[in-house]
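Thanks for making the time this morning. I would like to take you through one model, beginning with its sheet and ending with a few local details of the backbone.

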Amino acid sequence: MKAVLFDLDGTLIDTAADFIRIIQQMCRDEQRPMVDAATIRTQVSEGARAMVKLVYPELEITDPVFLGHRQRFLDVYGDNIVVDTNLFEGMYPLLEELEAHDIPWGIVTNKPRGLSELLLAALNLTDRCAVLVCPEDVSHTKPDPEPMYLAAKKLNLDAKDIIYVGDHPRDIDAGRNADMYTILAAYGYLPVETRDDLAAWQADAIIHTIPELHQLLKQKITVLSENQGMMG
């Protein structure tokens, strides 16, 4: 392991509370049936379109009315991007340990760059993140391996020497397609239709808590240190 890449929402950063707050406020403002928090949480990784669709299930996603609601959602989110959002508990010491061992970490996400950069800046992570790859940077997003290869190129590393951590099947598919070591973050926003058979995702490892992830990465760091010692 020479670097660690993370998916953003639901893996590195717990953004669900802010999305829940905004969607439920939309329900109140528009006098729509209330959408429960658990349902919203499962749709965070699917993006703004999927979350707004929870409020307006009868509208086609190409309908100008729907597009207007989606834009309003994005505007409100952009203006209030870190109210209840933070790194998942335990992630700060994990990142600090990676940095202490000079192991770069970064993000490969399907979240738009503008929102991703706002989020990282608000959490004081911009200068610590070694690479950020967003949909605008590639022709094909996850599960295509293109963003993974781009991240590896920016880090000047072979993809096979990188670990990728994600909470959605497309994350694991993208990592596997790039020959990265993949870790399924089962503490994240798992899609309802696939959460009952995590083995089917074919990740190299499945972890259910941040401490479990931290321990696994510690083991990888130890192996790297031993290999470097042998080479020295």
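**Sheet, domains and a few local details**

Let me begin with a helix on the sheet: in this predicted model, helix α5, residues 91-100, lies across strands β1, residues 3-6, and β4, and its direction is at about 150 degrees to that of β1.

The sheet itself is open and is formed by six strands, which follow one another in the order β5-β4-β1-β6-β7-β8, with parallel pairing. At its edges stand β5, residues 132-133, and β8, residues 205-207, and since each of these has a single partner strand, one side of each is left without a neighbour in the sheet. As general background, strands of a sheet pair through backbone hydrogen bonds, in either a parallel or an antiparallel manner. If we look at the β5 edge, strand β4, which covers residues 105-108, pairs with β5 in the parallel sense over two bridges, and V108 is the residue that stands opposite V133 in β5.

Let me turn to the domains. The chain is divided into domain 1, which is made of residues 3-13 together with 86-220, and domain 2, which covers 15-79. Their contact draws on 16 residues from domain 1 and 11 residues from domain 2, while the centres of the two domains, taken over C-alpha atoms, are separated by 25 Å.

How much area is buried between domain 1 and domain 2? The value is about 1100 Å², and carbon and sulfur atoms give 49% of it. In polar terms, 10 residue pairs are found in polar contact across the interface of domain 1 and domain 2, counting pairs with both residues at pLDDT 80 or more. On the domain 1 side that touches domain 2, the largest share comes from helix α6, residues 113-122, which supplies three residues. One salt bridge is found across this interface. I would also show you R170 and E46, whose side chains meet in a salt bridge at 3.7 Å, N to O.

In the structure as a whole there are 13 salt bridges, and among them is the one in which the side chains of D7 and K142 meet, at 3.0 Å, N to O. This pair links distant parts of the chain, 135 residues apart, with D7 in the loop between β1 and β2, residues 13-14, and K142 in the loop between β5 and α7, residues 146-155.

K142 also brings us to the backbone, where the peptide bond from K142 to P143 is cis, with omega near 15 degrees; P143 is found in the loop between β5 and α7. Finally, N156 lies in the loop between α7 and β6, residues 162-166, and phi of N156 is near 60 degrees, which is a positive value in a residue other than glycine.

Terms used
Residues numbered from 1 in each chain as written. Predicted model: local features only at pLDDT ≥ 70, side-chain atom pairs only at ≥ 80, totals over all residues. Heavy atoms only, no water. Pairing = 2+ DSSP bridges. Helix = DSSP H or I, 4+ residues; strand = E, 2+ residues; numbered from the N terminus. Contact = heavy atoms within 4.5 Å. Axes fitted to C-alpha atoms, helices over the stretch in contact; angles between N-to-C directions. Domains from an automatic or database assignment. Buried area = accessible area lost by both parts, 1.4 Å probe. Salt bridge = Lys/Arg side-chain N within 4 Å of Asp/Glu carboxyl O. Polar contact = N/O pair within 3.5 Å; in protein donor to acceptor, adjacent residues only side chain to side chain.
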